[in-house]
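Visitor: I am new to this structure and would welcome a guided introduction. Please show it to me before we begin.

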Amino acid sequence: MLINVFIAAISGIIFGLGLIIAGMANPTKVLAFLDLFGAWDPSLALVMAGAIGIAILPFTILKKKTLAWSGQPLRFPKKTDIDGRLIVGSLLFGIGWGIAGICPGPSIILLGAGIAKGAGFVLTMCLGMWLADRFNQITARRNPSQINDYNDD
């Protein structure tokens with residue numbers, strides 16, 4: 001549906017601009033934020049707090065709905081428990097973020113800007129997603145409920 005592509009493109013542009021303006025596409029700034037016992041830069045904490053504060057109202061409203069404006073079904077995760085998959089995934093995400101100073105959204109900005117560090121991150125991120133998918137396929141054979149985290153299927 002063309003409207004979905006348009007909404008996704010506009011959302012992505014707004015998100016990307018927000019990341020650039022906030023400095024989250026700058027690995028040096030991100031690493032300074034993560035350096036709690038050195039030259040700590042707390043400004044990204046304010047960015048994250050602002051983003052969470054702004055997102056609370058729309059998510060509260062959307063959780064009561066079943067369809068998006070485009071008519072597509074809204075899908076929210078149904079799992080709320082803390083399990084091994086969540087802990088391992090969080091650790092891997094945090095380690096990657098701490099080593100590179102890059103997380104997935106800003107990595108796409110860096111890739112688009114032709115920055116080699118961004119390209120390397122996106123490549124390894126894609127490899128990680130592929131490996132996670134393979135792992136999920138193997139574990140789903142043993143426990144089929146583990147692969148589906150959404151309410152609608």
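The questions and answers below go from the whole chain to single helices and residues.

Visitor: How many helices and how many strands does the protein have?

Guide: Please note that this is a predicted model. Read along the sequence, the protein follows the pattern α-α-α-α-α-α. The count is therefore six helices and zero strands.

Visitor: What share of the residues in the protein is buried?

Guide: The C-alpha atoms fill a box of roughly 45 × 35 × 30 Å along the principal axes. A residue counts as buried under 20% relative accessible area. Of the 153 residues in the protein, the buried share is 19%.

Visitor: Of the contacts with a separation of 6 or more, what share joins residues 24 or more positions apart?

Guide: Contact here means heavy atoms within 4.5 Å. Among contacts in the protein with a separation of 6 or more, residues 24 or more positions apart account for 47%.

Visitor: Is Gly23 buried or exposed?

Guide: Gly23 lies in the loop between α1 and α2. Leaving aside residues up to four places away in sequence, Gly23 touches Lys29 and Leu44. The C-alpha atoms of Gly23 and Val47, 24 residues apart along the chain, are separated by 9.2 Å. Because its relative accessibility is 12%, Gly23 counts as buried.

Visitor: How does Ile7 count in terms of relative accessibility?

Guide: Ile7 lies in helix α1, which covers residues 2-22. Its C-alpha atom is 9.8 Å from that of Trp69, although 62 residues separate the two along the chain. Since the relative accessibility of Ile7 is 36%, this residue counts as partly exposed.

Visitor: Which term describes how α2 is oriented to α3?

Guide: Helix α2 (residues 27-34) and helix α3 (residues 43-62) pack at an angle of about 95 degrees, with their axes 8 Å apart. Angles of 65 to 115 degrees count as roughly perpendicular. Therefore α2 is, relative to α3, roughly perpendicular.

Visitor: Which residues of α3 meet α2?

Guide: By class, the contact of α2 with α3 has five nonpolar, one polar and one charged residues. From α2, the participants are Lys29, Val30 and Phe33. They meet, in α3, Ser43, Leu44, Ala45 and Met48.

Visitor: How many nonpolar residues does the contact of α2 with α4 have?

Guide: α2 and α4 pack at an angle of about 115 degrees, and their axes are 8 Å apart. The contact is made by Pro27, Val30, Leu31, Phe33 and Leu34 of α2 together with Trp97, Gly98, Ile99 and Ala100 of α4. By class, this contact has one polar residue, no charged residues and, as the number asked for, eight nonpolar.

Visitor: Which term describes how α5 is oriented to α6?

Guide: Helix α5 (residues 104-112) and helix α6 (residues 116-142) pack at an angle of about 130 degrees, with their axes 8 Å apart. That angle makes α5, with respect to α6, oblique.

Visitor: What is the handedness of the crossing of α5 and α6?

Guide: The contact is made by Pro104, Ser107, Ile108, Leu110 and Leu111 of α5 and by Gly118, Ala119, Phe121, Val122 and Met125 of α6. These residues divide into eight nonpolar, two polar and no charged. The crossing of α5 and α6 is left-handed.

Visitor: How far does α6 reach from its first C-alpha to its last?

Guide: α6 has 27 residues. At 1.5 Å a residue, the expected reach is 39 Å. The model is close to this, with a reach of 40 Å.

Visitor: What is included in the cover over the buried residues of α6?

Guide: In α6, the buried residues are Gly118, Phe121, Val122, Met125, Asn136, Thr139 and Ala140. What covers them includes α4 (84-100) and α5.

Technical notes
Residues numbered from 1 in each chain as written. Predicted model: local features only at pLDDT ≥ 70, side-chain atom pairs only at ≥ 80, totals over all residues. Heavy atoms only, no water. Axes fitted to C-alpha atoms, helices over the stretch in contact; angles between N-to-C directions. Helix = DSSP H or I, 4+ residues; strand = E, 2+ residues; numbered from the N terminus. Parallel < 35°, antiparallel > 145°, perpendicular 65-115°, else oblique. Left-handed = near helix turned anticlockwise from the far one by under 90°. Nonpolar A, V, L, I, M, F, W, Y, C, P; charged D, E, K, R; others polar. Expected span 1.5 Å × (residues − 1). Buried < 20%, exposed > 50% of the residue type's maximum accessible area, 1.4 Å probe, protein only.
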